[in-house]
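Hi,

Here is the structure I promised to pass on. Have a look first, and my notes on what turned up follow below.

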Amino acid sequence: MALTLDTNIPDPDGFYDDLLRAHEGLGKPESDALNARLILVLANHIGDRKVLRAALRAAKAGERP
């Protein structure tokens, strides 16, 4: 499986809205913890270490879908 950096979410704006709503009412520490948990849940779903390493490199380089 290769890392997909092209838009791959049918409604990216809708997902972004869902993400923002998930953070409503949270302070910075709680928001950071939510992001960390979300990353781990999605990483577990992907499950492919090569893809996860590629995602880490892309995120560090500032690439985005």
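Asp17, Asp18 and Arg21 are tied together in a network of salt bridges. Keep in mind while reading that this is a predicted model.

In that network, Asp17 pairs with Arg21, and their closest N and O atoms are 2.2 Å apart. You may want to look at that distance yourself. Asp18 also forms a salt bridge with Arg21, with 3.4 Å between the closest N and O atoms. The spacing along the chain goes with this: Asp17 and Arg21 are both in helix H1 and four residues apart, about one turn of the helix. Asp18 and Arg21, also both in helix H1, are three residues apart, again about one turn.

How exposed are these side chains? Asp17 has a relative accessible area of 34%, so it is partly exposed. Asp18 is at 44% and therefore counts as partly exposed too. Arg21 comes out at 45%, which means partly exposed as well.

How many salt bridges are there in total? The count comes to three. Besides the two in helix H1, there is one between the side chains of Asp32 and Lys28, at 2.9 Å from N to O. Asp32 and Lys28 both sit in helix H2 (residues 28–46), four residues apart, about one turn of the helix. Asp32, at 36% relative accessibility, counts as partly exposed, whereas Lys28, at 58%, counts as exposed. As a general point, side chains of opposite charge can pair when their charged atoms come close.

Next, His23. This residue lies in helix H1, which covers residues 12–23. Is His23 buried or exposed? Its relative accessibility is 16%, and because buried means under 20%, His23 counts as buried. Its side chain has a polar contact of 2.6 Å with the side chain of Ser31. A polar contact of 3.0 Å also links the side chains of His23 and Asn35.

On the surface, which residues make up the positive patch? They are Arg49, Lys50, Arg53 and Arg57. Arg49 belongs to helix H3 (residues 49–61). With a relative accessible area of 54%, Arg49 is exposed, and a patch residue needs over 30% and no salt bridge, so Arg49 clears that area cut-off.

Now the chain as a whole. It has three helices and zero strands, and the order from the N terminus is α-α-α. If you need a box for setting things up, the C-alpha atoms fill roughly 35 × 25 × 25 Å along the principal axes. Of the 65 residues, 11% are buried, His23 being one of the buried residues. The chain exposes about 5600 Å², and carbon and sulfur atoms supply 58% of that area.

As for charge, the chain carries 9 positive and 10 negative charges, and the mean positions of the two sets are 13 Å apart. Among the residues mentioned above, Arg49, Lys50, Arg53 and Arg57 form the positive patch, while Arg21 is in the salt-bridge network with Asp17 and Asp18.

That's what I have on this one.

Cheers

How values were computed. Residues numbered from 1 in each chain as written. Predicted model: local features only at pLDDT ≥ 70, side-chain atom pairs only at ≥ 80, totals over all residues. Heavy atoms only, no water. Patch = residues over 30% accessible without salt bridge, like charges linked within 9 Å, V, L, I, M, F, W, Y side chains within 5 Å. Areas by Shrake-Rupley, 256 points an atom, 1.4 Å probe, with all protein chains shown as cover. Salt bridge = Lys/Arg side-chain N within 4 Å of Asp/Glu carboxyl O. Lys, Arg positive; Asp, Glu negative; His and termini not counted. Charge placed at Lys NZ, Arg CZ, Asp CG, Glu CD. Helix = DSSP H or I, 4+ residues; strand = E, 2+ residues; numbered from the N terminus. Buried < 20%, exposed > 50% of the residue type's maximum accessible area, 1.4 Å probe, protein only. Polar contact = N/O pair within 3.5 Å; in protein donor to acceptor, adjacent residues only side chain to side chain.
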